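I am keeping these entries as a record of what I looked up in the structure, one topic at a time.

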Amino acid sequence: MLDARFPHVAASRGHYESFYLKAGHPNEPLAVWIRYTVHKRPRAAPTGSLWFTLFDDVPEAAKVTRPEPRSGNGTWLAVDDGAIGPGRAEGTALEASWDLRFESGEPELLHLPARWMYGSPLPRTKPTSPHPEAVFTGTLRFRDREIHVDGWPGMVGHNWGAEHAERWIWMHGWFEPGTWLDVAIGRIRIGPWTTPWVANGALALGGTRHRIGGLGKIRTTDVNDDYASCRFALPGDPSVRGVLDRALEKTVVWPYADPAGGEHHSLNCSVAAMTIELDDRTLRTDHGAVYELGVRETDHGLPVQPFADG
């Protein structure tokens with residue numbers, strides 16, 4: 001699932017695709033979220049974008065959009081001078097630049113429960129995590145500031161599709177080596193109807209993965225989201241009960257355009273707190289989690305990044 005899909009999309013179809021990474025300081029509320037994306041309107045050529053967000057006391061963000069994104073020759077996705085591929089991510093976006101290397105012993109996490117679903121029309125969003133746990137080294141720069149990344153834990157993700165979910169949550173929490181949570185949760189619009197929350201992902205405990213959620217477990221999936229927090233109970237073995245909390249002043253809002261038209265706002269905080277209650281233990285990170293909420297509404301009251309999408 002690591003190959004980019006956009007080169008094979010028919011000219012008449014719309015498409016979006018994203019390779020992304022999140023890396024966070026192991027002891028401080030400091031993190032980076034970087035995306036390499038493709039956006040293609042039906043019957044139009046694809047464009048590529050580089051997105052950079054540095055989460056600190058005050059988040060800093062940058063984005064550039066360029067024609068002719070590229071893939072191949074050992075690169076998953078390249079936009080302008082930026083590229084992501086096996087073990088490396090580099091690029092420049094306005095006043096931001098980065099040069100990172102990453103290592104991972106984790107195999108890919110397919111969020112959807114069956115491989116055939118990645119070739120089917122539904123769901124219209126296909127999420128995977130090529131490396132749900134990774135370790136990063138390298139350098140980040142924003143304006144005159146330089147940050148040395150040395151052993152930061154994080155992850156690498158990949159998603160694509162013809163349409164974003166009607167409402168979505170992506171949560172990722174890193175607790176210690178071999179122990180993490182990576183779950184995509186969505187409400188899908190099908191004609192005039194919108195499904196209840198559907199969760200798909202995994203919880204790793206000491207290097208052993210446990211499947212979370214699934215289409216057949218909608219009735220026991222309970223999600224209560226707002227802009228600042230999310231309480232959730234997700235079925236699995238073990239089931240997961242928990243809460244995500246974030247400071248709104250450390251949340252970045254990006255416009256996300258659907259290929260066929262329309263727009264969501266993505267509210268992302270990559271220095272969120274997460275607490276998970278299991279039957280025999282509690283897992284807690286004060287700033288090592290991601291809480292991303294995708295919404296249609298625009299009256300959330302948070303400033304939106306001044307970068308158009310699509």
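**Asn-200.** I began with Asn-200, which is buried, with a relative accessible area of 10%, and I found its place in strand β17, residues 198–205. The model is predicted, and I read every value in these entries with that in mind. Leaving out residues up to four places away in sequence, I listed what Asn-200 touches: His-111, Leu-112 and Pro-113, then Asp-182, Val-183 and Ala-184, and finally Arg-211, Ile-212 and Gly-214. I also looked up Pro-235, which is 35 residues from Asn-200 in sequence and 9.8 Å from it in space, C-alpha to C-alpha.

**The nonpolar cores.** Which residues have the most contacts inside the largest nonpolar core? They are Ile-169, Met-171, Ile-185 and Leu-244, in a core of 46 residues. I followed Ile-169 further and, setting aside neighbours within four places in sequence, noted contacts with Val-183, Ala-184, Ile-185, Trp-197, Val-223, Asp-225, Cys-230, Tyr-291, Glu-292 and Leu-293. Val-183 and Ala-184 had already come up in my entry for Asn-200, which touches both. Apart from the largest core lies another one of 33 residues, and among them I wrote down Phe-19, Phe-52, Ala-62 and Trp-98. For background I added that in soluble globular proteins nonpolar side chains tend to be buried together.

**Leu-140.** This residue lies in strand β11, residues 125–142, and at 2% relative accessibility Leu-140 counts as buried, because the cut-off is under 20%. Its contacts, without the neighbours within four places in sequence, include Phe-52 and Trp-98, two residues that I had listed for the core of 33 residues. The other contacts of Leu-140 that I wrote down are Val-32, Leu-54, Ser-97, Leu-100, Arg-145, Glu-146, Ile-147, Val-149 and Trp-152. The C-alpha atoms of Leu-140 and Leu-54 are separated by 8.9 Å, although the two residues are 86 apart along the chain.

**Asn-268.** Is Asn-268 buried or exposed? Asn-268 is buried, with a relative accessible area of 0%, and its place is in strand β23, residues 263–277. Beyond its neighbours within four places in sequence, Asn-268 is in contact with Trp-33, Phe-55, Trp-170, Arg-246, Lys-250, Thr-251, Val-252, Val-290, Tyr-291 and Glu-292. Tyr-291 and Glu-292 were also among the contacts I noted for Ile-169. Lys-250, one of the contacts of Asn-268, is 18 residues from Asn-268 in sequence, with 8.6 Å between the C-alpha atoms.

**His-15.** I found His-15 in strand β1, residues 15–24, and it is buried, with a relative accessible area of 3%. Not counting residues up to four places away in sequence, His-15 touches Arg-5, Phe-6, Val-9, Val-38, His-39, Lys-40, Trp-160, Gly-161 and Pro-259. I also took the separation of His-15 from Ala-202, which is 26 Å between C-alpha atoms for two residues 187 apart along the chain.

**Backbone exceptions.** I first reminded myself that most residues other than glycine have a negative phi, and that most peptide bonds are trans. Where does a cis peptide bond occur? A cis bond joins Asp-237 and Pro-238, with omega about 10°, and Pro-238 is found in the loop between β20 (229–234) and β21 (240–245). Asp-80, which is not a glycine, has a positive phi of about 55°; it lies in the loop between β6 (75–79) and β7 (82–85) and is partly exposed, with a relative accessible area of 37%. Leu-94 also has a positive phi, near 55°, and its place is in the loop between β8 (88–93) and β9 (96–103), where at 55% relative accessibility Leu-94 counts as exposed.

**The whole chain.** Stepping back, I recorded zero helices and 24 strands for the protein chain. Its radius of gyration is 18 Å, close to the 19 Å that the globule rule gives for 310 residues, so the chain is as compact as a globular protein of that length. The C-alpha atoms fill a box of roughly 50 × 45 × 40 Å along the principal axes. Of the 310 residues, 57% count as buried, and of the contacts between residues at least 6 apart in sequence, 58% join residues at least 24 apart. The accessible surface comes to about 13000 Å², with 50% of it belonging to carbon and sulfur atoms. Last, I noted 32 positive and 39 negative charges, whose mean positions are 7 Å apart.

Key:
Residues are numbered from 1 along each chain as its sequence is written. This is a predicted model: local features need pLDDT of at least 70, side-chain atom pairs count only at pLDDT 80 or more; totals for chains, interfaces and linings use all residues. Side-chain values use heavy atoms; hydrogens and water are left out. A nonpolar core is a set of buried Ala, Val, Leu, Ile, Met, Phe, Trp, Tyr and Cys residues joined through side-chain atoms within 4.5 Å. Buried means under 20% relative accessible area, exposed over 50%, partly exposed in between (1.4 Å probe, protein chains only). Contact means heavy atoms within 4.5 Å. Helices (H or I, at least four residues) and strands (E, at least two) are DSSP runs, numbered from the N terminus. The radius of gyration is taken over C-alpha atoms; the globule rule is 2.2 Å times the number of residues to the power 0.38. Accessible areas come from the Shrake-Rupley method with a 1.4 Å probe; for residues, only the protein chains shown count as cover. Lys and Arg count as positive and Asp and Glu as negative; His and the chain ends are not counted. The place of a charge is taken as NZ of Lys, CZ of Arg, CG of Asp or CD of Glu.
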